[in-house]
Amino acid sequence: MSEHRINIFLRLRPTKGQLCKYEALDENTKIVVEVPRENLAQEVINNQKEKHEFSFNHVFDRDTRQEDIFNKVAGPVMNAALDGFNGTVFAYGQTGSGKTFTLTGGPEKYEDRGIMPRALSMLYSQFKKRTDYTYQVHVSYLEIYNDTGYDLLDPALETQAKSLEDLPKVSLMEDEDGNIHLRNLSAHPASTEEDALNLLFLGETNRATSETPMNLASSRSHCIFTIFITATQVGSDVTRKSKVHLVDLAGSERVYKTRAQGDLLNESKYINLSLHFLEMCIVALQERKGNKKAFVPYRNSMMTSVLRDSLGGNCKTSMIATINPNKDHTDESLSTCRFAQRVACISNAVKVNEEVDPQRVIKRLKKEVADLREELALLRGGDEEETELSEETLKHLRAKVDEFMVDPSPESELSIGPHMGKLRYCIGYLKTIARSGGGGGKGQ
């Protein structure tokens, strides 16, 4: 088990308004935001701090490409997940600062793809390269709206339910070991990149969004897209299981600026309250460095309960803070940067998630017994010799060879039993296929 400090990044969104004064320093690892003093009169003393300096793993300026952000923020997390480590990437910032664009991307250009679709593409391309492992992928998509969980991939959304509120609510359950389980949240298999992307886009269409004075399509909920990866090395009984949370947090809002009313006001209350609970957990985790018994209030909200491993647990976590450099939003930008500095103080204890699969052990032992019996039968001369193989037997052998030739699994085997006549025929048939350049004769 090793210690991993949470990586923090900052992204400035493009804006057409008047910019606040800022400067990126030390190869884009620091940002200095300048807030000019505004005295109402000369005799008024203003001790307000003018320059605010913050450190990050990297600061992305307004013209940064989506590909560069993925490579620095999410690429290392996804590589670690392939090796059996849990991972989390989450975006934090005020509403309208570009969190959803950073994670999911824009619909107009292919190069505007966000972290989520790029992460899926990277996984499946790596699966093809890592031929010594077999992989299985499942995905889930959880939406937390007004502190209530909903399954964005519930099949009922396409057939029965008219809205998310009609679905069974996702509930939290904690086992005796302190592990969190989510009831009514489905996990869908994704054997190809296309399957995984279709599930992602399906969940995106079911999200709760609204038009606000700050954003024409503002996310009104926290969303957690989770990728479950199961990896098994060929010939090994050990299975690696990892999960990656890709989290799009709803933006913090100042109601006096957004002038929200009615449902928007109610949503803003829940959003700000859950983000407040998130900050409480982060402050408590900072204090726990000196006092291991310090209480961390994960149970205050559903979001912090789900992200328990990501904050202070067994997980490699990266955070990308997004800010709007418009002069009118300087206060919110400073608040976001201060939050990121607190997150950077948290360390997670990470380890590879490996376990011995009992089913694979049983399968391997059965195969070893069968192989030993065949070897013993050959040494004894077998139950040999059926002097001539029947046409039905030959057809059966050809079918088994054809099946073996088209099976893509590296663990596939051709088992014909301890019979020298059958063995000679299969070798001859394989030679015929090799000469013809085919991949199986389909019973010819």
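**Exercise 1. Locate D26 and describe its backbone and exposure.**

Solution. D26 sits in the loop that links β3 and β4, where helices (H or I, at least four residues) and strands (E, at least two) are DSSP runs numbered from the N terminus. The model is predicted: local features need pLDDT of at least 70, side-chain atom pairs count only at pLDDT 80 or more, and totals for chains, interfaces and linings use all residues. Residues are numbered from 1 along each chain as its sequence is written, and side-chain values use heavy atoms, with hydrogens and water left out.

Step 1, backbone. The phi of D26 is near 50 degrees, a positive value in a residue other than glycine. Most residues other than glycine have a negative phi.

Step 2, exposure. D26 has a relative accessible area of 48% and is therefore partly exposed; buried means under 20% relative accessible area, exposed over 50%, and partly exposed in between (1.4 Å probe, protein chains only).

**Exercise 2. Describe the sheet that contains β3 and β4, and state what lies across β4 and β5.**

Solution. Step 1, order. The sheet is open, has 3 strands in the order β3-β4-β5, and is paired antiparallel. Two strands pair if DSSP finds at least two bridges between them.

Step 2, edges. β3 (21-25) and β5 (51-55) are the edge strands, each pairing on one side only.

Step 3, twist. From one strand to the next the twist averages 20 degrees.

Step 4, register. β3 and strand β4 (residues 30-34) run antiparallel and are joined by 5 bridges. The bridge partner of E23 in β4 is V32.

Step 5, covering helix. Helix α9 (residues 330-343) lies across β4 and β5 and runs at about 40 degrees to β5. Axes are lines fitted to C-alpha atoms, for helices over the stretch in contact, and angles run from 0 to 180 degrees between N-to-C directions.

**Exercise 3. Place strand β15 among its partners and state how many of its residues are buried.**

Solution. Step 1, burial. Strand β15 (residues 222-233) is mostly covered, with 9 of its 12 residues buried.

Step 2, pairing with β8. Strand β8 (residues 133-145) pairs with β15 in the antiparallel sense over 12 bridges. L142 is opposite I224 in β15.

Step 3, pairing with β16. β15 and strand β16 (residues 238-248) run antiparallel and are joined by 10 bridges. T230 is opposite K241 in β16.

Step 4, hairpin. The hairpin of β15 and β16 has 4 residues between the strands, and G235 there takes a positive phi near 85 degrees.

Step 5, another positive phi. D147, in the loop between β8 and β9 (148-151), has a positive phi of about 60 degrees although it is not a glycine. D147 counts as partly exposed at 36% relative accessibility.

**Exercise 4. Classify the packing of α3 against α5 and against α1.**

Solution. Step 1, α3 and α5. Helix α3 (residues 115-129) and helix α5 (residues 193-205) pack at about 165 degrees with their axes 9 Å apart. They are therefore roughly antiparallel to each other; angles under 35 degrees count as roughly parallel, over 145 as roughly antiparallel, 65 to 115 as roughly perpendicular and the rest as oblique.

Step 2, handedness. α3 passes α5 in a right-handed crossing. A crossing is left-handed if the near helix is turned anticlockwise from the far one by less than a right angle, and right-handed if clockwise.

Step 3, contact. M116, P117, L120, S121 and Y124 in α3 meet E193, A196, L197, L200 and E204 in α5, where contact means heavy atoms within 4.5 Å. The residues of this contact divide into 7 nonpolar, 1 polar and 2 charged. Here Ala, Val, Leu, Ile, Met, Phe, Trp, Tyr, Cys and Pro count as nonpolar, Asp, Glu, Lys and Arg as charged, and the others, Gly among them, as polar.

Step 4, α1 and α3. The axes of helix α1 (residues 66-82) and α3 come within 10 Å and cross at roughly 50 degrees, so the two helices are oblique to each other. Their crossing is right-handed.

**Exercise 5. Describe how α11 packs on α12.**

Solution. Step 1, geometry. Helix α11 (residues 391-406) and helix α12 (residues 420-436) pack at an angle of about 50 degrees, with axes 10 Å apart, and are therefore oblique. The crossing of α11 past α12 is right-handed.

Step 2, contact. Residues of α11 including L394, L397 and V401 meet residues of α12 including Y425, Y429 and I433. The contact divides into 9 nonpolar, 1 polar and 3 charged residues.
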